[in-house]
Amino acid sequence: MAIRRRVLLTGNPQTPREIAEAISWSRRDFLRLATGASVGSALLSFAPLKALALPRSRKVVVVTFGGGARDEETFMPDGQENIPHLLTELIPQSTFFTQVVNRGILGHYVATASLATGVYETFNNFAEVPPDHPTVFEYYRKDLNRPATDAWVVAPSNGFNRIGESDARSYGNGLGAGVILPKRLLSAALSSGGRVQYAHLLRDNYETPLYTPEVKGSEIDLRQLSGILKMSVDDFTAHARTLSSPDELSVYVARQLMRQLAPSLLWITLHDMDVAHAGAYSLYIEAIQRTDRLCAEIWKTLQSEPEYAGKTTMFVLPDFGRDSDNDSGGNGFQHHRTGDPLSRTTWMMVMGPGIRENAVVGRRVQSLDLVPTLGSLLGFSPQRAEGKPLTEVL
């Protein structure tokens with residue numbers, strides 16, 4: 001394996017930082033060979049984007065996916081066939097960060113909340129609670145005086161109904177994002193027999209604890225569906241039945257949001273990949289391939305919709321990774337329990353107007369850097385976020 005070879009060649013590093021850097025070097029080497037990408041290892045190799053002519057009405061779409069995929073199934077030689085769209089369509093158009101480190105709790109809701117606040121949240125991943133710190137949606141709407149229709153989240157329904165709005169005073173009072181949970185909408189629209197028949201679209205969580213509270217929140221309900229997405233409940237359920245996965249349903253709903261409301265800040269969380277917890281390697285690979293395709297479809301939609309074409313920056317990143325096969329305390333691809341460097345060292349790609357194409361950044365950054373970067377792009381100040389803006393895309 002290329003990562004293992006790099007580790008050996010650089011003196012058998014043992015610390016998490018050394019291993020993370022070895023992973024990063026392996027990804028950089030691969031991308032340089034596979035796509036001819038230029039490597040910018042120093043900040044001075046990137047001139048500020050502010051000098052470029054950028055669109056005045058800039059929009060941002062963030063795509064995250066639960067659990068991530070290991071390099072063995074993606075960037076390594078045996079895994080490249082699983083990500084053809086990333087390799088041939090998206091990475092060549094993007095600035096790609098090879099070493100994005102997540103030091104927080106490796107649970108999907110709490111990790112995604114950390115991405116959305118720029119602070120490592122510490123609540124129980126399965127608890128019915130909002131983030132403690134202001135979210136990117138609240139910063140955006142409050143600082144720029146944006147309406148409720150301009151910030152949205154489309155997400156899986158395991159607790160994500162609370163992600164749009166925090167518990168922070170002066171921020172968490174009606175200033176959050178609208179949250180759409182497609183699986184919950186579909187479940188409400190189907191009869192009991194239909195819910196059994198379409199269980200593959202409704203599976204809510206692949207790592208269910210012994211007790212999970214019934215979640216309640218302010219997500220969009222079935223009665224509001226027609227007014228927001230301009231479609232009847234019957235049309236929604238009819239189209240849902242043609243899809244093969246929950247993530248396809250989420251992307252379908254996101255497209256409808258783009259066409260009807262054209263929000264300037266849209267956050268899409270995909271979750272099919274977390275089927276790995278079920279222990280079925282073939283389903284995990286299938287989910288990687290589907291996520292690869294759906295990311296490309298989202299980008300194509302952004303280029304074809306008049307409200308987004310030419311003025312939208314898209315960020316794509318996993319919330320975290322998965323365990324190594326070599327860690328005795330883990331379960332390899334199946335889980336992310338150990339907190340080892342493979343679980344914590346992910347990547348991010350950024351593409352859009354003014355973003356350098358086919359460029360690779362190998363320096364160590366944090367997942368917390370996302371919110372400050374979004375603030376610099378859109379013009380708001382995330383005062384309580386702990387990361388730093390990524391100068392390579394500013």
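Me: Leaving aside its neighbours within four places in sequence, which residues is N358 in contact with?
Reply: In this predicted model, N358 is found in the loop that lies between β8 (345–351) and β9 (359–361). Once the neighbours within four places in sequence are left aside, the residues in contact with N358 are T35, G36, A37, S38, I91, P92, Q93 and S94.

Me: Is N358 buried or exposed?
Reply: A residue is called buried when its relative accessible area is under 20%. For N358 the relative accessible area is 18%, and because this value falls under that cut-off, N358 counts as buried.

Me: Which strands do bridges join to β4, and which residue of β5 stands opposite V153?
Reply: Strand β4 (residues 151–154) is joined by four bridges to β6 (residues 265–270), the two running parallel, and in β6 the bridge partner of A151 is L265. Both faces of β4 are covered, with A151 and V153 buried on one side and W152 and V154 buried on the other. Three bridges also join β4 to β5 (residues 178–180), again in a parallel arrangement, and the residue of β5 that stands opposite V153 is V179.

Me: Around the axis of α10, what arc do the buried residues cover?
Reply: The buried residues of helix α10 (residues 233–240) are F236, T237 and A240. They lie on the same side of α10, because around the axis they cover an arc of only 90°.

Me: What covers the buried residues of α10?
Reply: The buried residues in question are F236, T237 and A240. What covers them includes the helices α6 (182–189), α8 (199–202), α9 (222–229) and α11 (246–260).

Terms used
Residues numbered from 1 in each chain as written. Predicted model: local features only at pLDDT ≥ 70, side-chain atom pairs only at ≥ 80, totals over all residues. Heavy atoms only, no water. Buried < 20%, exposed > 50% of the residue type's maximum accessible area, 1.4 Å probe, protein only. Contact = heavy atoms within 4.5 Å. Pairing = 2+ DSSP bridges. Arc of directions from axis to C-beta.
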